Amino acid sequence: MAAAEVVDTQLMLGVGLIQKGTNGEILLVWCYPSTTATLRNLLLRKCCLTDENKLLHHFVFGQYRRTWFYITTIEDPESSIFKKVTHFSIVLTTKDFNPVKYAAFTRILCRMYLKHGSPVKMMESYVAVLTKRICQSEENGSFLSKDFDVPKAYLGGSIKDIVSQFGMETIILHTALMLKKRIGVYHPKIEAVQEFTRTLPALV
């Protein structure tokens with residue numbers, strides 16, 4: 001059990017905060033630990049705040065050079081303590097793939113930042129999960145790493161939906177997966193792409 005806990009705590013690599021100001025400027029205003037300029041620029045692009053024509057994507061994830069990133073973005077309510085911020089994003093970088101787990105954790109961090117207006121409380125929760133695999137808060141919710149199974153991370157949708165959508169061509173997808181071929185997925189909505197790609201492993 002102790003070995004499993006050590007492995008789990010080493011999965012998270014970093015946490016960051018991106019803000020969009022009333023002047024339209026988007027900055028990675030805080031991160032722990034420090035990050036490279038290349039990764040910083042990637043995260044700024046992926047948080048979906050740079051393009052005025054895009055819809056606000058509340059949660060996105062992806063991988064860059066074997067590092068997974070999870071970004072939760074919310075619009076700053078008028079009643080909040082921030083005066084010059086319209087949106088902000090919480091970013092987690094990790095070694096593992098588990099969108100459900102890190103979506104839940106970033107939502108908690110977002111609520112903490114909305115309430116306190118400082119990364120300090122976020123950092124406390126991040127360190128608590130990093131060292132104890134748990135953070136508890138009556139107001140913002142609790143998070144326990146062991147509640148999120150790794151196998152379930154790959155089950156983002158229903159295999160029945162894939163079969164009903166592709167019919168007999170589902171066999172082509174199955175064959176491509178069995179042969180470990182690359183599959184290109186396109187859809188105008190990023191949420192649909194992410195749900196579909198998480199369902200594909202169920203075909204194997």
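# Questions on a predicted model

Biologist: Arg133 is found in the loop between α4 and β6 (134-135). What value is phi of Arg133 near?

Modeller: This is a predicted model, and the angle is computed from it. Arg133 is a residue other than glycine, yet its phi is positive. The value is near 65°.

Biologist: Does Arg133 count as buried or exposed?

Modeller: The cut-off for buried is under 20% relative accessible area. Arg133 has 13% relative accessibility, so this loop residue counts as buried.

Biologist: Which loop holds Arg65, and does Arg65 count as buried or exposed?

Modeller: Arg65 lies in the loop between β3 (59-64) and β4 (67-75). Phi of Arg65 is also positive, near 50°, in a residue other than glycine. Its relative accessibility is 70%, and over 50% is the cut-off for exposed. Arg65, in the β3 to β4 loop, therefore counts as exposed.

Biologist: What is the order of helices and strands when the protein is read along the sequence?

Modeller: The secondary structure comes to seven helices and seven strands. A helix stands at the start of the pattern and a helix at its end. In full, the pattern is α-β-β-α-β-β-β-α-α-β-β-α-α-α.

Biologist: Of the contacts in the protein between residues at least 6 apart in sequence, what percentage join residues at least 24 apart?

Modeller: The protein has 204 residues, of which 42% count as buried. It exposes about 12300 Å², with carbon and sulfur atoms supplying 55% of that area. For the contacts you ask about, the share is 61%.

Biologist: How many disulfides does a search of the whole structure find?

Modeller: A disulfide needs two cysteine sulfur atoms within 2.5 Å. For Cys47, the nearest cysteine sulfur is that of Cys48, 6.7 Å away, so by that cut-off Cys47 is in no disulfide. Cys48 is likewise in none, its nearest cysteine sulfur being that of Cys47. The number found in the whole structure is zero.

Biologist: What is the relative accessibility of Cys47, and what is the relative accessible area of Cys48?

Modeller: Cys47 counts as buried, and Cys48 is buried as well. The values are 1% for Cys47 and 9% for Cys48.

Biologist: Which residues is Cys31 in contact with, leaving aside its neighbours within four places in sequence?

Modeller: Cys31 has its place in strand β2 (residues 26-32) and is partly exposed, with a relative accessible area of 28%. Its C-alpha atom is separated by 6.2 Å from that of Leu17, 14 residues apart along the chain. The contacts are with Val15 and Gly16.

Biologist: What is the form of the peptide bond from Tyr32 to Pro33?

Modeller: Pro33 has its place in the loop between β2 and α2 (37-46). Omega for the bond from Tyr32 to Pro33 is near -15°. The bond is cis.

Biologist: Which residue forms a salt bridge with Glu124?

Modeller: Side chains of opposite charge can pair when their charged atoms come close. A search of the whole structure finds one salt bridge. Its closest N and O atoms are 3.7 Å apart, and its two residues are three apart in helix α4 (residues 119-132), separated by about one helical turn. The partner of Glu124 is Lys121.

Biologist: Which backbone oxygen lies 2.8 Å from a polar atom of the side chain of Thr94?

Modeller: Thr94 is found in strand β5 (residues 85-94) and is buried, with a relative accessible area of 0%. Not counting residues up to four places away in sequence, Thr94 touches several residues, including Leu11, Trp68 and Tyr102. The backbone oxygen in question belongs to Asp96.

Biologist: How far does the backbone oxygen of Glu195 lie from a polar atom of the side chain of Thr199?

Modeller: The place of Thr199 is in helix α7 (residues 190-199). Thr199 is buried, with a relative accessible area of 4%. The distance from the backbone oxygen of Glu195 to the polar side-chain atom of Thr199 is 2.8 Å.

Biologist: Which residues form a nonpolar patch on the surface?

Modeller: One member, Met178, lies in helix α6 (residues 170-178). Met178 is partly exposed, with a relative accessible area of 47%. Together the patch residues have about 320 Å² of accessible area, and they are Met178, Leu179 and Val204.

Notes:
Residues numbered from 1 in each chain as written. Predicted model: local features only at pLDDT ≥ 70, side-chain atom pairs only at ≥ 80, totals over all residues. Heavy atoms only, no water. Buried < 20%, exposed > 50% of the residue type's maximum accessible area, 1.4 Å probe, protein only. Helix = DSSP H or I, 4+ residues; strand = E, 2+ residues; numbered from the N terminus. Contact = heavy atoms within 4.5 Å. Areas by Shrake-Rupley, 256 points an atom, 1.4 Å probe, with all protein chains shown as cover. Polar contact = N/O pair within 3.5 Å; in protein donor to acceptor, adjacent residues only side chain to side chain. Salt bridge = Lys/Arg side-chain N within 4 Å of Asp/Glu carboxyl O. Patch = residues over 30% accessible without salt bridge, like charges linked within 9 Å, V, L, I, M, F, W, Y side chains within 5 Å.
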